[in-house]
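This report covers a pocket, a chain interface and the salt bridges of one protein assembly. The sequence and structure are shown first.

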Number of protein chains: 4
Amino acid sequence: MKSPPTTDQSSPAQQEEEEERQYEMSRFIGLSDDVFAFAMTLLVVNLLPYADFGAAPSPAQFFQHLISPAFLDHLLSFVLSVFIIGHVWYTHHVLFRYIIKCDLRLFRLNLTLLLCVAFMPFPTDLLSRYGDAIIAAFYAGILALLNVLMQLLWWYASAHHRLLRPTLEQNVITSIHVRIQRAS
Amino acid sequence: MKSPPTTDQSSPAQQEEEEERQYEMSRFIGLSDDVFAFAMTLLVVNLLPYADFGAAPSPAQFFQHLISPAFLDHLLSFVLSVFIIGHVWYTHHVLFRYIIKCDLRLFRLNLTLLLCVAFMPFPTDLLSRYGDAIIAAFYAGILALLNVLMQLLWWYASAHHRLLRPTLEQNVITSIHVRIQRAS
Amino acid sequence: MKSPPTTDQSSPAQQEEEEERQYEMSRFIGLSDDVFAFAMTLLVVNLLPYADFGAAPSPAQFFQHLISPAFLDHLLSFVLSVFIIGHVWYTHHVLFRYIIKCDLRLFRLNLTLLLCVAFMPFPTDLLSRYGDAIIAAFYAGILALLNVLMQLLWWYASAHHRLLRPTLEQNVITSIHVRIQRAS
Amino acid sequence: MKSPPTTDQSSPAQQEEEEERQYEMSRFIGLSDDVFAFAMTLLVVNLLPYADFGAAPSPAQFFQHLISPAFLDHLLSFVLSVFIIGHVWYTHHVLFRYIIKCDLRLFRLNLTLLLCVAFMPFPTDLLSRYGDAIIAAFYAGILALLNVLMQLLWWYASAHHRLLRPTLEQNVITSIHVRIQRAS
């Protein structure tokens, strides 16, 4: 008797609403994925000046260049930031597995998160140039900010099951809070 | 008896048409989302020169740099433009919640809108360099243009329910016109 | 009795095949849309040097700058190329409304098309710098190449209904050939 | 009696799970496609300095420029890398035709693959500047790394049918291993 929410037995009005909801979530998520992917890929721009040696390098020179501290710093920052953006994406995708509606406030929280993701090339560039404590602290600060935003987003969506599937259990909600915490 | 338009009871021809319509809208929207997301992310390029200090900065120098007017202007322009593009996207996604068909004219209107979105890094760059009234007016002019295009797009789609769901009520159409107006 | 191809009455194996086919087409098309959108948005990079005046400009200087031939050439090339890429996308999306399968050869033809689309910032940059006949001819040559590739793609897909819906009528196939021709 | 896994006869819980699975895979794949497309398109940045001649070139100068070894090297590297990224994408899309679940480890393997794809503009830039053996070996090394990662990804997903459709036959699994091998 209890028909699941997406079957054909639902009324046209319900179906229209369901379609609208799916449309909203899919665009919301599509935009986010695009920003994550571009931010990741754009990081390589930072490495390109290192492809220019002036004259053609000898094998020894090329090898030395590849293991020079300056290049390695840039390469490691690139790898680090791609992995960090990747894992922020992963947490984001765990959250949105359970979030099934969105409203303007969630959109703004998410936009702020995307802003920080799009900002990542800047601290990455800093980190690849200067390895000292103050820059590392700045970089870590941006990561902490990303984490706080993610917590806020989940807190906003999950309070009173505001934007979640009504059937979601409280322990899943808590476990995701813990998960975000640990990811930082 | 009245079967909703997407059920399995519809004839193969109807279903084919429905699939085609969905294909059109999803690509149309996918392309738009990509341009929005990319325009947002590309703005960071503008900040990258500020990651270069020459010699490694002391903590005090780094902090001073972060609060220097030049950097703050760039950072604020970046944040402002990301939020503006985000909100243009939001309005765009409200409009396309109701637009269910597209034709060549709607495509061209939308393309012009995307052109202006893709153009945003230019006024943003100007704004981050020069804060005077004339530049601010130019920036505001681009935003006004985005708003006019959005109005035009909605006016074209909604006149005689041209590209809307036939069941959409007139007061929703009007309320969206008001909403776009206010967003400006 | 004749059940449409996507109903629930089809066997699991058929359904699996149908799902695979949809997966293929949707990724194929998603990749293409991404390349179109990025190529469009990337064009703005070409304009950014014009946002730098040295000292803060007076309103008159700013206005003069906006109507200077060099800036207008860059702006017009940007607008022209966005519209051209947009219309190539439009033709692409008309073609793929009817193409329901893809194979490695279609993929390669499409990849070559995407290569030319991704190449567009280069002729655009040339055109914005030098307005003479030889550069215009080079730009037009790239557009002609895009057109030839589109014709080839449609010819390959439509010959013997190779990758089309079997029910598609011959006059639709011909009309699309004419449409691509005219678009050039 | 045996109902296919996605019909309406399944219970709400099963349906919810199925929806979650589809959500996961579609975001996973969407992110990957974005990175592939962006890496491809970003390669053109490498060509843009060649659009600047100083004074307006005569037709003869322009033609000579187009066939100059430096420009041809850049153009060929661009074309080569777009085709290589395109074919890595093609193999990726063949793999994910059969992978229907994902877990954190698969995500990390895929992220490493995307990292290498996003890195491609760097070896491409090197190759376009210096054609000697050591650079070609470096470029080939990155391609070999991409191939190893793809093998690893398929090996991880296919061992014990971990993340595959349970009905997939062993000979398909083996044939894909061979296919990846040959693609290198």
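Which helices each supply at least two residues of the lining of the second largest pocket? In this predicted model, they are α5 (121-129) of chain A, α5 (121-129) of chain C and α5 (121-129) of chain D. The largest share of that lining comes from α5(D), with 3 residues.

**The second largest pocket**

The space in this pocket amounts to about 800 Å³. Its lining is made up of 32 residues. Those that lie nearest the centre are Val45(A), Val45(B), Val45(C), Val45(D) and Leu48(D). By class, the lining has 20 nonpolar, 5 polar and 7 charged residues.

**The interface of chain C and chain B**

Here 46 residues of chain C are in contact with 35 residues of chain B. Between them the two chains bury about 3800 Å², of which 70% is on carbon and sulfur atoms. On the chain C side, the most area is lost to chain B by Thr41(C), Phe62(C) and Trp89(C), which together account for 15% of what that side buries.

Across this interface there are 8 residue pairs in polar contact and 3 salt bridges. One of the salt bridges is formed by the side chains of Arg129(B) and Asp52(C), at 3.6 Å from N to O.

Which helices of chain C each supply at least two residues of the side that touches chain B? They are α1 (12-42), α2 (59-66) and α3 (69-98). The largest share, 15 residues, comes from α3(C). By class, this side of chain C has 30 nonpolar, 9 polar and 7 charged residues.

The table sets out the class counts for the pocket lining and for the chain C side of the interface.

| Set of residues | Nonpolar | Polar | Charged |
|---|---|---|---|
| Lining of the second largest pocket | 20 residues | 5 residues | 7 residues |
| Side of chain C that touches chain B | 30 residues | 9 residues | 7 residues |

**Salt bridges in the whole structure**

How many salt bridges does a search of the whole structure find over all chains? The search finds 14. Among them is the pair Arg97(B) and Glu24(A), whose closest N and O atoms are 2.4 Å apart. Why does this pair join two chains? Arg97(B) lies in helix α3 (residues 69-98) of chain B, and Glu24(A) lies in helix α1 (residues 12-42) of chain A, so the salt bridge links one chain to the other.

Note on methods: Residues numbered from 1 in each chain as written. Chains lettered and ligands numbered in written order. Predicted model: local features only at pLDDT ≥ 70, side-chain atom pairs only at ≥ 80, totals over all residues. Heavy atoms only, no water. 1 Å grid on protein atoms, 1.4 Å probe; cavity = no way out; pocket = protein on both sides within 12 Å on 5 of 7 lines; lining within 4 Å. Points joined across faces, edges and corners; volume = space filled by probe spheres on them. Helix = DSSP H or I, 4+ residues; strand = E, 2+ residues; numbered from the N terminus. Nonpolar A, V, L, I, M, F, W, Y, C, P; charged D, E, K, R; others polar. Contact = heavy atoms within 4.5 Å. Buried area = accessible area lost by both parts, 1.4 Å probe. Salt bridge = Lys/Arg side-chain N within 4 Å of Asp/Glu carboxyl O. Polar contact = N/O pair within 3.5 Å; in protein donor to acceptor, adjacent residues only side chain to side chain.
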